[in-house]
Amino acid sequence: MEKTAHTAILGAGITGLCVAHSLRTASLDAPASYHLIESSDQVGGALQSTQDMGYLAEHGPNSILIKDQRVAQMLDDIGLGDDPSRNQLHESLDAREEAKKRYIVQDGQPHAMPSSLIGMLRTPLFSTRGKLRFGLEPFIGKYKGREQGKGEESFADFVRRRLGPDMLASAAGPFVSGIYAGNPENLSVRHAFPRLWNLEHHYGSFILGALALQWGGGKNPHRLAPSRMLSFRSGMHAMPSAIAKHLPKDSLKLQCQVSSIEPIHKNGKTGWSLSWTDASGNLQTGHYRQLVIAVPHHQLPSLPLPTSVLNALDPITQLHAPPVTSMVLGFKRDDITHPLDGFGMLIKQTENSPLLGVLFSSSMFDGRAPDGHVTLTCMMGGSIHPEYAKNDEQVVLDELNRLLGVTGSPTFRHRTTWNHAIPQYGLDYQNVLDALESCESHHPGLHFAGNYRGGISVGDCIVNGLELGRSLTSTENGA
Ligand SMILES: Cc1cc2nc3c(=O)[nH]c(=O)nc-3n(C[C@H](O)[C@H](O)[C@H](O)COP(=O)(O)OP(=O)(O)OC[C@H]3O[C@@H](n4cnc5c(N)ncnc54)[C@H](O)[C@@H]3O)c2cc1C
């Protein structure tokens, strides 16, 4: 088979970019050649940032939690890490110390989440009964339902069983809104929160498991402790942009519309043939040994894939991903009574709020608002109230007034709606994983990656992309 390059990657979000980065760096003697083909005019997918009038608005993620050495290494490689000899861009920003404080709204008031035993005893967020129930956690047995044919345990059932209903309503539920914009009753704890699930599985208790990990237990050789919350001076888009700048010339192809994807079988070898219209309107064709598809799961049906692949992908395309709107508003500091001394606030469901939560963006990182001003990032929508993704500004301002004492008019505004924001790893998510594995094994050289597989966080997408790239390089070296 005559190949144009070793690998074609479709989609230059953070996942596709990290596959490309890994192909470039994994084998320095003979880096694998590839084409990274993106339909839009910029890299980064959900990681987009807008700077205007001294404000910085993130369209999607506001930060990345770095808890894996491979992510830290990748940042060093692209000049965004700590290594002073390679950190030419001086872009990395650690979250401020005060961002460790998080608020939960209860009875119309933001209350700081307790971070110590004394704080836990004093907080009004949990009832006395709830606090006592929390202390029983190490004595609760493991979930036996799967062996008994009861299926997956939901995150809500897991928290109710181990920690009690109070903890679900007051902390775990809002936490799920913050990460998945999801409904805790419908998320599989095993798939959506594998680290929590593993603590029960390996240590019999997540309080004891968390303590064991803190004291150096666990077998993850990649673990970075303590973890760090980071962003970048010019916003989250700095990371995809820096990865792209380090890719070989002509490997990244923006504004390309793929028109055909076909398997090739020739002389006992297999591969993939792709055709696309490039940014100038010319038809291009390439032959590849490997094809990585890193587009969002809801875009898979629109790809010109063979019918056998599209049929096999049915469970993936059915994954629910609710809409979420991120509304970034700037205000004069004097127009807000709350001290905004934290990461932000999550809101209990019983509050019937039109918001999922609010990030105190200018308290988290420097450079998010001009002097004397602040930036708030309001998230709304999600699985429980998808219709709230359409809330107008006045609804948001009224709620900010009620919860944070915001009075004046916004001095800056930026709104992004993601119609399929975050894929929900639901109770039948194992079918998704099985379908992906089966499809890949029946179609040699075809690989799927993205936030619908192996974790939705930016950090998970980076690690999964890097590992996939590494496995493809070893395929090439061994081939
Ligand atoms: C509002 C919001 C807030 C979030 N907050 C956080 C956070 O604070 N922390 C965190 O860790 N995570 C957060 N996430 C999650 C995280 O940002 C995403 O899960 C992650 O960025 C997804 O990356 P991806 O590469 O898998 O997909 P995407 O970013 O969706 O990238 C896919 C790429 O494929 C391209 N594409 C689509 N169709 C085609 C095609 N036919 N041909 C070629 N290319 C195509 C797209 O243009 C895009 O560039 C947030 C997500 C959202 C939406």
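These are my notebook entries on a cavity and a ligand site in a predicted model.

**Ground rules.** The model is predicted, so I kept in mind that local features need pLDDT of at least 70 and side-chain atom pairs pLDDT 80 or more, while totals for chains, interfaces and linings use all residues. Residues are numbered from 1 along each chain as its sequence is written, and side-chain values use heavy atoms, with hydrogens and water left out.

**Entry 1, the cavity.** I looked for cavities (on a 1 Å grid over the protein atoms alone, sets of points where a 1.4 Å probe fits but cannot get out). I found one of 30 Å³ or more. The volume of the largest cavity is about 50 Å³ (the space filled by probe spheres set on the points, which are joined across faces, edges and corners).

Next I checked its lining (residues with an atom within 4 Å of a point). Among the lining residues are L56, N62, F365 and R368. Strand β4 (55-58) gives the most, three residues (strands are DSSP E runs of at least two residues, helices H or I runs of at least four, numbered from the N terminus).

**Entry 2, the ligand.** I then listed the residues near the ligand (a heavy atom within 4 Å). There are 30, and E38, A46, N451, I456 and V458 come nearest. Helices α1 (14-25) and α16 (458-478) each supply at least two residues of this shell.

I also looked up polar contacts (pairs of N or O atoms within 3.5 Å). The side chain of E38 has an N or O atom 2.6 Å from a ligand oxygen. For T15, a polar side-chain atom lies 3.0 Å from an oxygen of the ligand.

How values were computed. 1 Å grid on protein atoms, 1.4 Å probe; cavity = no way out; pocket = protein on both sides within 12 Å on 5 of 7 lines; lining within 4 Å. Polar contact = N/O pair within 3.5 Å; in protein donor to acceptor, adjacent residues only side chain to side chain.
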